[in-house]
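Reader: Could you take me through the ligand site and the cysteines of this entry, giving the cut-offs as they come up?

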Amino acid sequence: MARRTVLVSANWKMHHNHLEALRYVQQLAALLRVEGVPAGREVCLHPPFTSLRSVQVALESDGVPVSLGAQDCHEEDRGAFTGAVSAEMLARLAVRYVIVGHSERRILFGEGDDLVRRKLDAVLRHAMTPILCVGERLAEREAGEAEERVEAQLRAALDGRDPAVLARVVVAYEPVWAIGTGRTATAADAQTMAKQVRAVVEGLGGATARDGVRVLYGGSVTPENAAELLAGRDVDGLLVGGASLDPTRFHAIVRAGS
Ligand code: PGA
């Protein structure tokens, strides 16, 4: 089986206005010009909606080997949904990856499994790749329910889909207690859960789905722990929040262990 392309994605959350975003892209591009993106890796930036167009133009005009991603989308293509942005609009901006079901959307914005599934439908409908976030809260981990919780989130979003579709989905395992807390899952825990995610996807779509799906880890990833996390057999990349806000630190994560 061919090695899956490792994806290192920067989730900026609500940081960097479009001017800061442009400066960031210039700095990252300069760093990448020296050493390049390591073979077998792909890099993606997920700016806020207001910076997407600027980042798109900067990446394209300078030929920077970085993909464009979004942090969320609305589940409908158009309509009277004040303040919302559709997957269709994102696709027109050459967005390649869209995060769906991030725990901050689930917890702070009250998004449930049904809505996450419909958002995932919208992303696929417009030929982009969803990064489906799943992960347990601290109380669930302490109660020994982490795997059950993650499996339920996966099933709610992925059940009943074609194996070929499952094979091109990206899942990000992000334990809620590790996000923005400085408390990272151990590399062993990340690998164990990534393997479990793959097993659930195999149950839903067989070997094609199992071998194709990419499983990222997210939650307090830093330049210091990235290589160890990426060493897990079933860990196909990283979703990076805080440490991605600085281009030098993010670049170090992109190159970690290569
Ligand atoms: P963090 O965020 O790296 O700041 O923990 C990760 C995420 O929320 O995707």
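Author: A molecule sits in a cavity or pocket if more than half of its atoms lie within 2 Å of its grid points. This is a predicted model, in which local features need pLDDT of at least 70, side-chain atom pairs count only at pLDDT 80 or more, and totals for chains, interfaces and linings use all residues. Residues are numbered from 1 along each chain as its sequence is written, and side-chain values use heavy atoms, with hydrogens and water left out.

Reader: In which pocket does the ligand sit?

Author: On a 1 Å grid over the protein atoms alone, a pocket is an open set of points with protein on both sides within 12 Å along at least five of seven lines, whereas a cavity is a set where a 1.4 Å probe fits but cannot get out. By that criterion the ligand is placed in the second largest pocket.

Reader: Which polar backbone atom lies 2.6 Å from an oxygen atom of the ligand?

Author: A polar contact is a pair of N or O atoms within 3.5 Å. A backbone N or O atom of Ser 220 is 2.7 Å from a ligand oxygen, and for Gly 242 the distance from a polar backbone atom to a ligand oxygen is 2.8 Å. The distance of 2.6 Å belongs to a polar backbone atom of Gly 180.

Reader: Why is Cys 133 in no bond with Cys 44, and how far away is that sulfur?

Author: A disulfide needs two cysteine sulfur atoms within 2.5 Å. Cys 133 is buried (under 20% relative accessible area, 1.4 Å probe, protein chains only) at 3%. Its sulfur is too far for a bond because the closest cysteine sulfur, in Cys 44, is at 12 Å.

Terms used. Polar contact = N/O pair within 3.5 Å; in protein donor to acceptor, adjacent residues only side chain to side chain. 1 Å grid on protein atoms, 1.4 Å probe; cavity = no way out; pocket = protein on both sides within 12 Å on 5 of 7 lines; lining within 4 Å. Buried < 20%, exposed > 50% of the residue type's maximum accessible area, 1.4 Å probe, protein only.
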